[in-house]
Amino acid sequence: MTEQVGSLAFGGKKDTARADSSVEQSERTPCGQTELSSCNRSTAPSTNQLDRDTRKARKSIRESSMNRFKTSKFKNTTPKIAKKDGWINNVRAGSFSCQGNHIKASSKLVAFNTEQAGGGMLGLSSLKPGSDGQWTVTQISCHSDLVTDMDFSPFDESLLATCSGDETVKLWRLCDPELQPPSSPELTLRPGQGRLELVLFHPTSSGLLAVGATKVPLIWDAGRQDTPLAVLEQHGDQLHSLSWKPDGSLLASSCKDKMLRVFDPRAQLTPVQSAKSLQNNKDSRILWAKDDLLLTTGFDMMRSREARLWDSRKLSSSVGSASLGTSNGMLIPLFDEDTGLLVLAGKGDTAIDCFEVSASEPFFSQVSHCLTDTSTRGAAAVPKAALDVLSCEVMRVLQLTDGCIVPISYQVPRKNSNQEFHEDLYPDTVGTTPAMSAEEWWKGGNKQVEKVSLNPDKQHKTKAAPAKKKEPASGGSKEDPARGCSTSSSPLSTPSSSAAASRSPSSASGLSSSFLPSPSPGPSPSARPIQSMLGQTSKLRHIQGAVMHRTTHITNLRGLNLTTPGESNGFCVNRQRVAVPLAISGGQIAICERSQPGRLPDTALPTIQNSVNVVDLSWDPFDPHRLAVAGDDAKIRVWQVPEGGLKETLTEPEVLLQGHTEKIYSIEFHPLASGILASSSYDLTVRLWNLEAEEQVKLLTGHQDQIFCMAWSPDGKLLATVCKDGKVRIYEPRKSTAPVQEGTGPEGHRGARVVWVCEGKYLLVSGFDSRSERRLSLYSAGSLSSGAIAATNIDTSPSTLIPFYDPDTSVVILTAKGDTRVHIYEIAAEEPYFMECSSFNSPEPHKGLAFLPKSECNVRDVEIAVGLMLTKTAVEPVAFRVPRVKKEFFQDDLYTDTAVCWEPALTAASWLSGSNGQHKKISLKPTDMTPLSEAPKEAPVRKYLPSSVYLEEKTDEQKKDELLSAMVSKLGNMDDPLPQDSFEGVDEDEWDD
């Protein structure tokens, strides 16, 4: 008997059968009548114990054997990649380094990372196509930095949570992509833990979030905006992923320190289970699988990708694993608890694997290996409620690629598919009604979300029942017809209570105990005019910046001065040449001819020797040879560059202007009058100079601190300044030396810029707020004292954004010294005032960006602005283009007649005497181009053949005739004589020989 039991442990087939028969016989026969007839009372207990152990071993092996060879109803699950007309196109997915999956889906919407705005924008589309069979893709400006992760609420298909490198979590109420996207979030949380990497809704409670900072997980109740419910123990390194247990009781995490941790946030802030389980510190993911099992994906010690299954009660060793070969891309796991199907999509891979996960051996059973057309940037699973159950679709994955989103449907082959519901494939799944509020969960509640059936017949019945009841006026979800958005209470809202109201800061701001507004008998805050809700959409929102070909670059610039004051643009350009300060003694300035691009020689070049350090410099807009340079000796020198560029070093300026008593900040030429120059100084004055007369003509006072910037109005009558004393001022220099208007400027004192916009009716100020975030503010030029009429925060950076404004398109382009990102906005004189467009990212930090006149734009390529970007060693042209389909036509909707800003409208003397003028305007249309407004109207093209073509059935005779005709036409004319017919024959008697 001992030998038989031993054979069970080694799994021999014959021995196993013999052991089983022996045990069965002993179970049927009394002890004294078995083969162990010699047993007595002293040996009976040990024999009974042996029998029990044998039965346990036999049962274990039998179960293992049954599991190994059992048939799964999902083993033949087949992935079906949608046809290309079922793909969501016009997607510009970026490749970003963050811990998120880059794409998430609800039962109606799809949100994904895009490369626009440096990753601060999200793309949004619907899960199903519109009435025209096409998908609409729009963008939402979410954060001032990269959106690192996002998650849809399991209880509200329109509620999206996002987190970002800008250290905030935002919750958005999304609408149909065909409508105007939301301009502001419903709620913003500021954990104050630095860059945020992960955000995750709780599976059973409304209003509860898990947020992952760099090393710290936080539990946050959306009804308590001030502080988190719990700040869990800090991890030893970068936090990789978080996962809630399906019942909502535990939270698991994986980390770069190779540790797996399981937290019970309501019991303690330290993990209840932890172990150094992972073999590699490369990126990993963690998910809760069935029961108490955890699933991780990552890399082993040999850097091969693997998936492992762990018992959450014992993390020291895994219970099962599957290897997926060597690759650098992280495996994104998507697990369906109802079916046990696990989809693994590797970033950068074109293969997607599907496994069936079991709680016993074999733990991983491969179901399919799917090859896609393009590499994966991200992946998401579609909620079960959106599956086509009549087609036996048990799972659907959305693959995010560089240019599109590809749906992959996993279907189980069944008879009568598309006709009936197969209940064995679809157990009841979790519904969309929260089991409890965040407060109830935090107090110890463990209610579970009620499960619902996916059977369409049962769903219709359950949907029809509540319709008979009349909803109370204060409850339910109301639909705003203008936006298609929910405007009343959300499942994320927690039930109001005295305790919640007393501790929620939202009560003081007019919100309910949850973060969403509750309906009231009075007018709803969202009951706004349709125009204000829809707002405007910029036709320039898809503008694209691109560095021009290297043959247009000026390279091998050496010894650049990179320490010019913040009030200076760093360098200046005109249509013919570029002036760049050098870090060489004597305040030297390099002059580069734009007509001679290429590599500059290694030998010393002729320069302008300004004799003192350069503070600011500017080309005369009406004379491409005249350069004004402000020095730190409080003097302004005006230099004349000869035709064709510098041939020798210039040492003597043409004009020397003296008057300021301290170092100069900046200089600015008049936009209309020739020879008028304004300068600001540390002596807190602004002085106007007449270069023709070489004298000071005006002295403006009233500033109490450093003058950050000056800007002339487009008509040349007014001069605006922004100052460190927190004021924005407008002067009318010819009438008064004191400001005619004054208003509150930016709160921050780190620097600011000002520019006139919207035909000179508004002032746009770029500065900082009290939290040192870069901010754009819009002021009405007629009422500065009223303060900013609109403002928007950009991002956090120490450099001041320098604006360039194009009056023809009302586009402002902003960037700062040392930045890699160029922000673009369209400015409107009415709400929403700021319409963000696609941004441009340079390969490396640039030292400045200066723009050329509109005449330098190539209208055939639909360029609306051309700038020169200064890098460490080169000057590179950058073109900003608007994508258009019919580029062969002149885009007259973009190119209005432009001002001839390179010709003066007045002389200095006439302007000083009170005369006004304006630039003449010209059209940029080439003579050989037709305006787009006059383009011939194209007749609509039928996209698909009429159904009669497909429905027409041909008889067998018709098919036979068509086949014969095709063969004949391929062979040629059969009536033509064959070549051998023309050969001469022989007589019959000649064959006798």
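**A sheet, a buried isoleucine and a nonpolar patch**

Strand E46 and strand E47, the latter formed by residues 676-681, pair in the antiparallel sense over five bridges. The model in which they appear is a predicted one. Within this pairing, serine 666 has serine 680 of E47 as its bridge partner. In general, strands of a sheet are joined through backbone hydrogen bonds, in either a parallel or an antiparallel manner.

The two strands belong to an open sheet of four strands, arranged in the order E46-E47-E48-E49 with antiparallel pairing. Its edges are strand E46 (664-669) and strand E49 (695-700), each of which pairs on one side only. On average, neighbouring strands of this sheet are turned by 25° against each other, direction ignored.

A second site is found in strand E2 (residues 103-105), which contains isoleucine 103. This isoleucine 103 counts as buried because its relative accessibility is 0%, and the cut-off for buried is under 20%. Leaving aside residues up to four places away in sequence, isoleucine 103 touches Val110, Ala111, Phe112, Met150, Gly378, Ala379, Ala380, Leu398, Leu400 and Ile405. One of these contacts, leucine 400, lies 297 residues from isoleucine 103 in sequence, yet the C-alpha atoms of the two are 7.0 Å apart in space.

The last site concerns helix H10 (residues 956-971), where leucine 963 is placed. Leucine 963 has a relative accessibility of 54% and therefore counts as exposed, the cut-off being over 50%. Together with Leu964 and Met967, Leu963 makes a nonpolar surface patch of about 300 Å².

Technical notes
Residues numbered from 1 in each chain as written. Predicted model: local features only at pLDDT ≥ 70, side-chain atom pairs only at ≥ 80, totals over all residues. Heavy atoms only, no water. Patch = residues over 30% accessible without salt bridge, like charges linked within 9 Å, V, L, I, M, F, W, Y side chains within 5 Å. Areas by Shrake-Rupley, 256 points an atom, 1.4 Å probe, with all protein chains shown as cover. Salt bridge = Lys/Arg side-chain N within 4 Å of Asp/Glu carboxyl O. Buried < 20%, exposed > 50% of the residue type's maximum accessible area, 1.4 Å probe, protein only. Pairing = 2+ DSSP bridges. Axes fitted to C-alpha atoms, helices over the stretch in contact; angles between N-to-C directions. Contact = heavy atoms within 4.5 Å.
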